[in-house]
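Okay, thanks for squeezing me in. I'll put the chain up on the screen, and then I'll talk you through the bits I liked.

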Amino acid sequence: MALSRIWAAFILVSIIVAAVRFVGVPADKEIFSQMVTGKLGDTIRVAGVVPGGGVTGSVVGSPAGGVTASPGYRLQKADGIIGTCASAVTLAIGLIGIMALFMGLVSIAEAAGGMRFLARITAPFFSKLFPDVPKGHPAMGHMVMNFSANLLGLDNAATPFALKAMESLQEINPDKTTASNAQIMFLCLHQSGLQLIPVSVIALLAANQASNPTDVFLPIVIATFVTTLASMTIVAIRQRINLFQPAVLAWIGSLSVLIGILVVYLRTLNSDGVQSFSRAFSSGLILFIFLLIVGVAWYRKVNIFDAFVQGAKGGFDTAVRIIPYLVGMLVAISMLRTSGTFEVIMAGLRHFFEAMGADPRFVDGLPTALIKPLSSAGARGMLVDTMRTFGTNSFAAHLSAILQGSSESTFYVAAVYYGSVAIRNTRYSIGAMLLADVVSILSSIFLCYLFFGHLH
């Protein structure tokens, strides 16, 4: 129900903002057309400050459908409603291959007893966080595979494992249209995006010629760890789960030590060394998973290819099933972006913090934070745009990079994973994830000032 209200609010707010602009700004007479059809000149109008201390300006649609921009504003192309519908379907189709592959591997692992083995190993910890999941249930193994893939930056592997985990949890869900406690805890932890190696963010910085692409590594790891702890705590309080149990504290402590060791090691490497290590480690791990699953299944005389095909069919079905949910959510997000709603929010935030006498530099990196809960791809685009506008070595670029790596996209996660099992009542999960997003933003800003406060 919460997701329905939020979706409706996105649409209503975007149309109202567009109507106000249509009436109040003579140059915005093309706004409705741009929201619906999407043109080459479509823009997201986000207020900012010119590097070096310029004044803010405005971006308006020209009568010919182009755009003009005065200093201080950043342009980013955005699809209209029609283009977004096509993009959503293309995205879902693009998921079919990778989902079929990894869900086929999961099927082999299940046939070989791998999921139950993982469930037994992690039972001391996960049984405390997921008390409603029966001991030894395959869902535990699926969740472990998902968390492991996220932890190591294996984005392509994480999505199929998460979808399989939701399906497994749905099997023991007494109300098939309402999110269970276990599903809420799992999605909130998944959305927090805990990772040890932020490969994609480092790659983006390197591609844009940052002087030291790896200097955001430590802040991102800390920020995502804080976000995960916040998500776990928020849901645990709501579900009355005691986190001060020896098994929980031991696992959290062990993970903290692991993060510390990895941080110490990677800090000894230069930029090229970190990227080489990340690529080799991530790719090698995927191949190791292939080897382990197929090797064990071969040893146990599992009909490997038949098991793979059965699992792969499920990946295809799931990718098709999530299309309506993707279309609905991405269209609402597109309307928010093309209506200029973000411009209004950013201008309000800048004026507010300037009036408070606070350092407003962090506002320049906030567009990534605003878009991240709505769209990971949009947030990546905003990170690149921030680097190009303020410089790859600027404070705004560093903050945008930390924000990009500190959590997953809330509404995308909710739409895709709840949609895959036809959950309609998400209960308090959206609120919990958004609250964790607030923690992520605040911790990212604090860490950016701590590590890069000297930058401009």
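I'll go from the whole chain down to single residues.

So, first thing: this is a predicted model. The protein chain has 456 residues, and 55% of them are buried. In secondary structure we're looking at 19 helices and four strands. As for contacts with a separation of 6 or more, 78% of them are between residues 24 or more positions apart. And the accessible surface comes to about 19200 Å², with 68% of that belonging to carbon and sulfur atoms.

Let's zoom in on helix α4, residues 114–129. How far apart should the ends of its 16 residues be, at 1.5 Å a residue? The expected span is 22 Å, and the end C-alpha atoms are 21 Å apart, so the two agree. Now, keep that in mind while I show you the bend: there's a kink of about 80° at Ala-123, shortly before the proline Pro-124.

Which residues of α4 are buried? They are Met-115, Leu-118, Ala-119, Thr-122, Ala-123, Phe-125, Phe-126 and Leu-129. You'll notice the kink residue, Ala-123, is in that list. On the spacing, the general point is that an α-helix has 3.6 residues a turn, so residues three or four places apart point the same way. And what covers the buried residues of α4? The cover includes α3 (81–111), α5 (138–151), α7 (181–192), α9 (217–239) and α10 (246–266).

Okay, salt bridges. The count for this model is two, and Arg-350 has a hand in both, so let me take them one by one. One is with Glu-354, where the closest N and O atoms are 3.7 Å apart. For anyone keeping score on cut-offs, the limit here is 4 Å. Arg-350 and Glu-354 both sit in helix α14, residues 341–355, four residues apart, which is about one turn of the helix. Glu-354 is partly exposed, at 42% relative accessibility, while Arg-350 counts as buried because its value is 7%.

The other bridge is between the side chains of Arg-350 and Asp-364, at 2.5 Å, N to O. Asp-364 is in the loop between α14 and α15 (366–371) and Arg-350 is in helix α14, so this pair ties together parts that are 14 residues apart in sequence. Is Asp-364 buried or exposed? Buried, and so is Arg-350. Put it together and you have Arg-350, Glu-354 and Asp-364 linked in a network of salt bridges.

Next stop, Ile-322, in the loop between α12 (304–321) and α13 (323–338). Its relative accessibility is 0%, so it counts as buried. What does Ile-322 touch, leaving out residues up to four places away in sequence? That would be Leu-95, Val-416 and Ser-420. There's also a C-alpha pair to look at here: Ile-322 and Gly-419 are 97 residues apart along the chain, and their C-alpha atoms are separated by 5.7 Å.

Over to the surface. There's a nonpolar patch made of Phe-288, Leu-291, Leu-292 and Val-296, with about 380 Å² of accessible area together. Phe-288 belongs to helix α11, residues 271–299, and at 47% relative accessibility it counts as partly exposed.

Another phenylalanine to click on is Phe-446, in helix α19. Phe-446 counts as exposed, with 55% relative accessibility. It pairs up with Ala-223 on distance: they're 223 residues apart in sequence and 9.4 Å apart in space, C-alpha to C-alpha.

Last item, backbone torsions. Lys-301 has phi near 60°, which is positive in a residue other than glycine. Lys-301 is in the loop between α11 and α12, and it's exposed, at 75% relative accessibility. Ala-422 also has a positive phi, near 60°, and again that's not a glycine. You'll find Ala-422 in the loop between α18 (410–420) and α19 (429–452), partly exposed at 35% relative accessibility.

That's my tour, happy to scroll back to anything.

Terms used
Residues numbered from 1 in each chain as written. Predicted model: local features only at pLDDT ≥ 70, side-chain atom pairs only at ≥ 80, totals over all residues. Heavy atoms only, no water. Helix = DSSP H or I, 4+ residues; strand = E, 2+ residues; numbered from the N terminus. Expected span 1.5 Å × (residues − 1). Bend = angle between axes of the 7 residues up to and from the residue. Buried < 20%, exposed > 50% of the residue type's maximum accessible area, 1.4 Å probe, protein only. Contact = heavy atoms within 4.5 Å. Patch = residues over 30% accessible without salt bridge, like charges linked within 9 Å, V, L, I, M, F, W, Y side chains within 5 Å. Areas by Shrake-Rupley, 256 points an atom, 1.4 Å probe, with all protein chains shown as cover.
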